[in-house]
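Grab a pencil and work through these short exercises with the model open beside you. Each task comes with a worked solution.

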Amino acid sequence: PLTDDFLRLLGYYLAEGYINNNSVRITNQNSEVLNDIITTIKKMNLTYFYTHDSKNKKIINGVAISSSLLADLLMAIGLGNGADLKSLPSFIFDLSSDQISELLKAYFEGDGSIYHQGQKKSYEISVTSKSKNLISQLSYLLLRFKISSRIISSQKRATNSHHLGDIYHTLIISGKGNVQTYLQKIGFVTKGKNIYLDYVENTNV
């Protein structure tokens, strides 16, 4: 059976993961998120080790799961490897809302942000990916919770590069009702992001 831990791990992988040398690696420097990832890994009885910044070995920048079986499984079910190839497996759409929320919570924690928008201090939640397919699938999943979103595509490139850049796709949740529903029914992993629920509930915007 699909466990909540496995679905949360899928969310983290889709947001910030990749497969390298038969290990599944998830990049994140937030200690609260790392602790949640490690707790999830331990519940699944998987072996892991920390990864470090290439320029400063004292900086932990993620976790690597030593499991060729898990790596093969993630590829076999169709999650993809590489930012532009990420995709949700078809079986995800048949899961319960509670199960889907576990995946979304981890994905939006890893790849998302919540912020003020405009002078009226309304809130928005957004995630960005190179995978147009993944962003479209996430938008569809949110409808399960009656959360409407919009998608904006834009070309981005590094300021010190002559490369034309890549197309990135951003999913945006806006409007008090949509943001409030997201925070109530899905939420984030970290307290710093979940605390916004109080602000959203106490504003008229």
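**Exercise 1.** Find where confidence is lowest and where it is highest in the protein chain.

Start at the low end: helix H8 (residues 196–201) has a mean pLDDT of 78. At the high end sits helix H5 (residues 132–142), at 98. Here pLDDT is the predictor's confidence in each residue, from 0 to 100, and helices (H or I, at least four residues) and strands (E, at least two) are DSSP runs numbered from the N terminus. This is a predicted model, where local features need pLDDT of at least 70, side-chain atom pairs count only at pLDDT 80 or more, and totals for chains, interfaces and linings use all residues. Residues are numbered from 1 along each chain as its sequence is written, and side-chain values use heavy atoms, with hydrogens and water left out.

**Exercise 2.** Work out which strands stand at the edges of the open sheet.

First, write down the strand order, S1-S2-S4-S3, with antiparallel pairing. Strands pair if DSSP finds at least two bridges between them. Next, S1 (17–20) and S3 (48–52) each have a single partner strand, so one side of each lacks a neighbour in the sheet. Then zoom in: S1 and S2 (residues 23–27) share four bridges, and Ile19 stands opposite Val24 in S2.

**Exercise 3.** Describe how the rings of Tyr107 and Phe108 are arranged.

The centres are 6.1 Å apart with 75° between the planes, making the pair edge-to-face (rings of Phe, Tyr and Trp, using its six-membered ring, pair if their centres lie within 6.5 Å; planes under 30 degrees apart are stacked, over 60 edge-to-face, the rest tilted). Tyr182 and Phe188 join these two in one aromatic cluster.
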